[in-house]
Amino acid sequence: MSTQQALPQTEAAQTRRAVGNILKGSAGNLVEWYDLYVYTVFAAYFQAHFFNSKDELQAGLEAMAVFSTSFLMRPIGAWFFGRYADRNGRKAALTLSVTLMSAGSFAIAVLPTQDVIGIWAMILLVLVRLLQGFSVGGEYGTSATYMSEAATSRRRGFFSSFQYVTLIGGQMLALLVLVILQNVMAKDALTEWGWRIPFALGGAAALVVLWLRRSMEETVSADQIRAAHVPVAGEAQPGTMKLLFTMHWKPLLICIGVTLGGTVAFYTYTNFILKFMNDTSGIAKTDTSVINFWALFIFMLLQPVYGLISDKVGRKPLLLWFGVTGVLFTWPLLSTLSGTKDPFTAFLLMMGGLLIVGGYTSINALVKAELFPASIRALGVGLGYAIANSLFGGTVPLIGAALQKVGQVELFFTYVTVAIFISLLVYIFALKNKKSTHLDEEQGSAFGPSGSARFADDAARDEDGDLAKV
């Protein structure tokens with residue numbers, strides 16, 4: 001058989017292999033983000049059990065404050081799991097993170113309330129959320145790295161977009177559980193004890209994912225793991241802060257800048273918007289839940305479409321789409337949404353915001369992964385994302401709720417717009433379209449011609465059992 005005849009089979013085998021690993025990796029991502037989001041989705045039902053029950057707005061503000069505290073652990077989790085993944089492999093880090101998230105969900109499902117143990121109920125809830133923040137801080141960087149490395153070179157945008165398919169799917173799944181419970185349980189029962197059900201489901205699902213992740217293929221070479229544990233005089237080891245801050249501090253700053261506006265917009269349109277509509281639009285809670293579910297469902301399905309587009313035109317045009325339209329339309333969309341009382345109009349407005357944010361969410365993980373070499377990729381991506389996410393994305397619900405409480409919600413619209421504008425400057429001046437990246441150097445160009453030598457090298461690596469070359 002000629003080389004030309006063998007190429008399609010080799011490429012097809014690579015694709016099948018990538019699909020299998022992406023599915024296993026993204027299933028864990030789905031459960032991790034479900035476990036994180038289910039807190040805000042059900043906050044209105046359990047907040048009185050842990051916070052100030054005499055003032056609903058105050059209780060909601062305290063609940064969002066606890067949500068934000070989990071983001072304090074994101075950088076620590078990103079550092080720990082990023083270092084662990086770069087030194088011991090992505091599979092080991094992803095397995096550990098989903099184990100911790102499962103434990104946290106089961107803990108919330110059985111936590112006693114303030115009527116039973118007083119202020120200790122809130123303290124224990126905060127501690128559990130810190131654990132989950134630590135876990136998901138490691139999940140993002142490691143899963144973004146794994147899915148980018150496991151993807152085929154010509155479809156990196158498509159395959160890596162499934163990180164946000166499952167990330168959005170996690171929130172959508174939380175909303176689906178909410179809609180189901182709202183329709184099968186009385187409000188009093190849901191408020192009294194039914195809110196525990198979604199946390200128990202999340203813990204159980206994480207155990208299933210733990211089993212799936214045990215069969216994932218590793219994308220870190222044996223050479224990198226060996227180098228991480230055998231010090232060489234005068235050289236920084238893989239996965240260390242020394243290597244990151246001495247050799248890769250510029251891409252770290254770019255990673256933070258790329259994330260800043262995107263994470264603020266994402267949490268605004270997918271997380272805070274449910275409480276925002278409940279408090280300002282006058283639309284019934286059951287209707288806002290349905291609006292959120294269907295908008296997120298369409299948004300989730302669009303992620304691979306954006307990813308495929310990026311595989312054709314490059315990553316930068318999609319980021320520019322997000323930045324420019326985000327700056328121009330954030331204020332009109334949110335201000336109009338705050339005054340609408342029609343559910344369908346609210347759906348269209350939310351969908352408009354999500355179509356803008358899709359330019360960021362679909363490819364941001366890949367853009368960050370392409371900034372770093374394999375030896376520092378999980379730590380660089382995870383820490384850069386976590387810093388921006390903790391300072392800006394995680395505080396969106398708290399800032400929004402606080403400004404709502406004092407009647408200055410317009411300032412929130414300005415905050416989101418300014419954050420997007422800052423990232424737009426990074427997209428314009430710090431990124432080049434279709435430029436050769438570290439992933440291109442390791443695994444072949446995403447946009448250039450792929451010759452037979454490339455596939456022959458892939459076949460040789462397959463026999464060695466290494467999915468990624470360092």
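This is a short conversation about aromatic pairs and one helix in a predicted model.

Guide: Welcome! Residues are numbered from 1 along each chain as its sequence is written. In this predicted model, local features need pLDDT of at least 70 and side-chain atom pairs count only at pLDDT 80 or more, while totals for chains, interfaces and linings use all residues, and side-chain values use heavy atoms, with hydrogens and water left out.

Visitor: What makes the pair of F158 and F162 edge-to-face?

Guide: Rings of Phe, Tyr and Trp (its six-membered ring) pair if their centres lie within 6.5 Å; planes under 30 degrees apart are stacked, over 60 edge-to-face, and the rest tilted. The structure holds 27 such aromatic pairs. For F158 and F162 the centres are 5.2 Å apart and the planes stand at 85°, so the pair is edge-to-face.

Visitor: Why is F158 called partly exposed?

Guide: Buried means under 20% relative accessible area, exposed over 50%, and partly exposed in between (1.4 Å probe, protein chains only). F158 has 22%, so it is partly exposed. F162, at 24%, is partly exposed too.

Visitor: Why is the pair of F322 and Y360 called tilted?

Guide: Their planes are 40° apart, with 5.7 Å centre to centre, which fits the tilted class. Both F322 and Y360 are buried. F322 lies in helix α16 and Y360 in helix α17, so the pair ties together parts 38 residues apart in sequence. Helices here are DSSP runs (H or I, at least four residues), numbered from the N terminus.

Visitor: Which residues do ring pairs link into a cluster?

Guide: Y39, F46, F50, W195 and F199.

Definitions and conventions. Helix = DSSP H or I, 4+ residues; strand = E, 2+ residues; numbered from the N terminus.
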